[in-house]
Amino acid sequence: MKLTQLDLLMEYFRNNPDRDIEHKEIVSWAYLEWKRRTGKDFADPDRGIRSLHQKGMLIKVSKGVYRYDEQMLTEPILEDFTEQQKMEILRLGEYKCAICGARRSDGVELHVDHIKPKDLGGRATIENGQVLCSKHNFRKKNLNQTETGKKMFLNLLQLARVSGDNEMVDFCEDVLKVYENHGINGHIVWKRSLF
């Protein structure tokens, strides 16, 4: 069987069970070991580690720190909405995209989406459902809601700066500071105004 990059990452964690492993330790090892075994560069160990965590293979101890504990492994529950739930979520969402407000009458396809993605443990409940147009559902993919929100505020901030809307710039920067103050989605970078 051909070794995959995820197999290599899991090999390291399995060989170091019940130990908090910092991001830089596993990434450094993965780059060197993949190069040694295959002669190629490791594409994206960060994404691989996140993927293993999302699949329930690793425990996220804190930002950038993961642990492999065979006793704590869980299989994510992947639940789909029932037809009744979909109809109720569409009704509650007023049959329009939660992001852009587009409706079927605008020529878009509407989807019932898990707010917290099902592969991240999101359950098929009315409270975890939202209406998205196909364009925004595709963009969201498996990004969690906070990442999607932060990117939307970054886009709004850029537009406000270009249009000279200082009140909106202040609002967006205040929201983005909340992300920063709580250490949420630090991998999505933003720059404060200089004025």
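The legends below describe close-up views of a predicted model.

**View 1. The largest nonpolar core and its most connected members.**
This core has 16 residues. Those that touch the most other members are L9, F13, I26, F42, I49 and L58. Three helices each give two or more residues to the core: α1 (5–15), α2 (23–38) and α3 (45–54). The largest share comes from α1, which supplies 5 residues.

**View 2. The surroundings of I49.**
I49 is one of the core residues that touch the most other members. Leaving aside residues up to four places away in sequence, I49 touches L9, H23, I26, V27, L58 and Y66. Among these contacts, L9, I26 and L58 are also listed with I49 as residues that touch the most other core members.

**View 3. A second core.**
Separate from the core around I49 is another nonpolar core, made of 10 residues. Its members include A160, V175, L176 and W190.

**View 4. The crossing of α2 and α3.**
The axes of these two helices come within 10 Å and cross at roughly 120 degrees. An angle over 115 degrees but not over 145 is classed as oblique, and α2 and α3 are therefore described as oblique to each other. Their crossing is right-handed. On the α2 side, the contact is made by H23, I26, V27 and Y31. On the α3 side, P45, D46 and I49 take part.

**View 5. An open sheet of 3 strands.**
The strands are arranged in the order β1-β3-β2, and their pairing is antiparallel. β1 (21–22) and β2 (59–62) stand at the edges. Each of these edge strands has a single partner, so one side of each is left without a neighbour in the sheet.

**View 6. The pairing of β2 with β3.**
β2 and β3 (residues 65–67) run antiparallel and are joined by 3 bridges. Within this pair, I59 stands opposite R67 of β3.

**View 7. N128 in a loop between two strands.**
The loop that holds N128 lies between β4 (110–114) and β5 (129–133). Is N128 buried or exposed? The relative accessibility of N128 is 10%. Buried means under 20%, so N128 counts as buried. Not counting residues up to four places away in sequence, N128 touches F81, D113, H114, I115, K116, G122 and R123. Of these, D113 and H114 fall within the residue range of β4.

Methods
Residues are numbered from 1 along each chain as its sequence is written. This is a predicted model: local features need pLDDT of at least 70, side-chain atom pairs count only at pLDDT 80 or more; totals for chains, interfaces and linings use all residues. Side-chain values use heavy atoms; hydrogens and water are left out. Helices (H or I, at least four residues) and strands (E, at least two) are DSSP runs, numbered from the N terminus. Buried means under 20% relative accessible area, exposed over 50%, partly exposed in between (1.4 Å probe, protein chains only). Contact means heavy atoms within 4.5 Å. A nonpolar core is a set of buried Ala, Val, Leu, Ile, Met, Phe, Trp, Tyr and Cys residues joined through side-chain atoms within 4.5 Å. Two strands pair if DSSP finds at least two bridges between them. Axes are lines fitted to C-alpha atoms, for helices over the stretch in contact, and angles run from 0 to 180 degrees between N-to-C directions. Angles under 35 degrees count as roughly parallel, over 145 as roughly antiparallel, 65 to 115 as roughly perpendicular and the rest as oblique. A crossing is left-handed if the near helix is turned anticlockwise from the far one by less than a right angle, and right-handed if clockwise.
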